[in-house]
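Hi everyone, thanks for coming. I'd like to walk you through one structure today, so have a look at the picture before I start.

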Amino acid sequence: MNILIAPNSFKQCLGAVAAGRAIASGVLSAQPDAEVKIIPLADGGDGLLEACAFFMGGALVWEDTCDALARPIRAPWLKAGTTAVIELAQASGLARLKGPEEYDPLRATTAGTGRLVARALESGCRRIVIGLGGSATLDAACGMAAELGFLLVDAKGQPIPPGGGGLDRLARIDASGVNKRLKEAGVICLADVRNTLLGPAGAARMFGPQKGASAAQVELLEKNLAHWAAIVGKDLGLDVLNIEGGGAAGGAGAGCAAFLGASPRSGAGWVGHAAGLEEAVRRADLVFTGEGRIDAQTACGKIPAYVGALAKKHGKPAVALGGSVEEGLDLTASGLAACLAINPPGMALEEAFRSAEKNLASAAARVMMDKNKSSRQKSESGS
C-alpha cells in the first residue's frame, strides 16, 4: 500500500517534516510493509523555509535585520541556487514579538523583510519567493519598499513614519531610486488567504484585531490603507483594491503587487506544484494531511483542503489530522474523508505540545488499523 503524508506545520509545536515523520511512524507501526512518502507543505506562512528546503535543497542564510518594532535581530532566508525563499514572518512576524503586550499595528513595519530581500538580491539571487503569512504588520509592505529604494514621502518631502499608522501622511511614491537588481529579478509572493485589501474581510477589519488593533485603530488603519491605495493608483498606475490576497499580511499582498509587480498567489498551490504533490497523490492509495487547528477556515485555501481537493480529483481517500478539530465540522466537500483530532479530550495545551509526535503517530496508527479492519470485513463478506 502506498501512503502519502503531506502535512503543514503544527504551529508552535512541530514543523511539517517532524509532523510527517511522526505520522509515518504510526503508519508503519500498524502496517510495516507500507510504502511511505513524505512531502512537507506550507501555505506561505510559518514553515515555508523548511518545506522548500526539503525539496529544493539549498542552505539557510542568517542576516542582521530588524523585527516589526525595528529592533535588531538575526533572521534566516533560504538560498537554493539563484532562488531565495523568504518568510515575512521570520523578520516581521508576530512570533518574533514577546507576546500581545508588544503588538503595535500602528507602528509595526515590514522593513526587516525588505532587508532580507535586499541581501538576497545582493547575493546573486534572481528569483525571490516571499511567504506572506504570520505578519505583525499593517503597513501594506511600505517598510519593505523603503528598504528596496522606494521613496514614500509626505507633503513636505519627508519620509513617512513606519507602520500603518503613518500611511495617511503619504503624499507621493517615487520609484526612481529602486534597487536595480530588483528590476532584473522575478518575484513570487505567496499568501494563505484570498482576502482583498479593504472591507469587512480586509487587512484591517478582518486581521487587525489579532495583531492588537483596537476597534478605533481598525477604522484608522482601514482609512489609511484606502489612502495608500489611492496614492498607489496615482503614482504607480495600479488599482490594488480588488487583488485577491491583497489583504494578506496587513496589506503586504497588495504591497507586493504595487512595489514588486507580484500579485499574491496561493501558497499551498505553489509549494504543492513545486514539490510534485499531485503526481504523488495520483500514485497513493491513502493520503494523510494535517495542521495544528482544523476549522471552518481550513476550507479557505489551507493545506488540508488543498491536499483534499487533489485527493478528490484523483479519487483517493484523504484523512486530515489536527491538534484540534472544530466540533461538527464536515469537510467532505473539500475531499477529506475524515478530520481527526489527535489529542485526547481535556488534555492541557502544554501537554499536547509535549506529546504531539506521539499523539500524531497514535492517530495515524488507528487510521491504518481501522482501514485494514474494514478491508478484511469487505473481503470476508465478499467471499
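**Strands, a crossover and two cores**

Let's begin with one pair: isoleucine 5 has phenylalanine 288, in E11, as its bridge partner. Keep in mind that we're looking at a predicted model. The two strands here are E1 and E11 (residues 286-294), and they run parallel, joined by three bridges.

E1, residues 2-5, also pairs with strand E2, residues 35-38, again in the parallel sense, this time over four bridges. Over there, isoleucine 3 sits opposite valine 36. And how does the chain get from E1 to E2? It goes through helix H1, residues 16-30, and that β-α-β crossover is right-handed.

Now for the open sheet. Six strands make it up, in the order E3-E4-E5-E6-E9-E10, with mixed pairing. At the edges you'll find E3 (59-66) and E10 (265-266), each pairing on one side only. Helix H2, residues 48-56, packs on this sheet and touches E3, E4, E5, E6 and E9. Its direction makes about 155° with that of E5. Inside the sheet, E6 and E9 pair in the parallel sense over five bridges, and isoleucine 130 stands opposite cysteine 189 in E9.

Last topic: the cores. Nonpolar side chains tend to be buried together in soluble globular proteins. In our model, the largest nonpolar core has 60 residues, and Ile128, Trp228 and Leu260 have the most contacts inside it. Helix H9, residues 248-260, gives the largest share, nine residues. There's also a second, separate core of 33 residues, including Trp270 and Ala320. Going back to tryptophan 228, its contacts include Leu167, Val240 and Phe259.

Terms used:
Residues are numbered from 1 along each chain as its sequence is written. This is a predicted model: local features need pLDDT of at least 70, side-chain atom pairs count only at pLDDT 80 or more; totals for chains, interfaces and linings use all residues. Side-chain values use heavy atoms; hydrogens and water are left out. A nonpolar core is a set of buried Ala, Val, Leu, Ile, Met, Phe, Trp, Tyr and Cys residues joined through side-chain atoms within 4.5 Å. Buried means under 20% relative accessible area, exposed over 50%, partly exposed in between (1.4 Å probe, protein chains only). Contact means heavy atoms within 4.5 Å. Two strands pair if DSSP finds at least two bridges between them. Axes are lines fitted to C-alpha atoms, for helices over the stretch in contact, and angles run from 0 to 180 degrees between N-to-C directions. A crossover is right-handed if, with the strands pointing away from the viewer, the path from the first strand over the helix to the second runs clockwise. Lists of a residue's contacts leave out its neighbours within four places in sequence.
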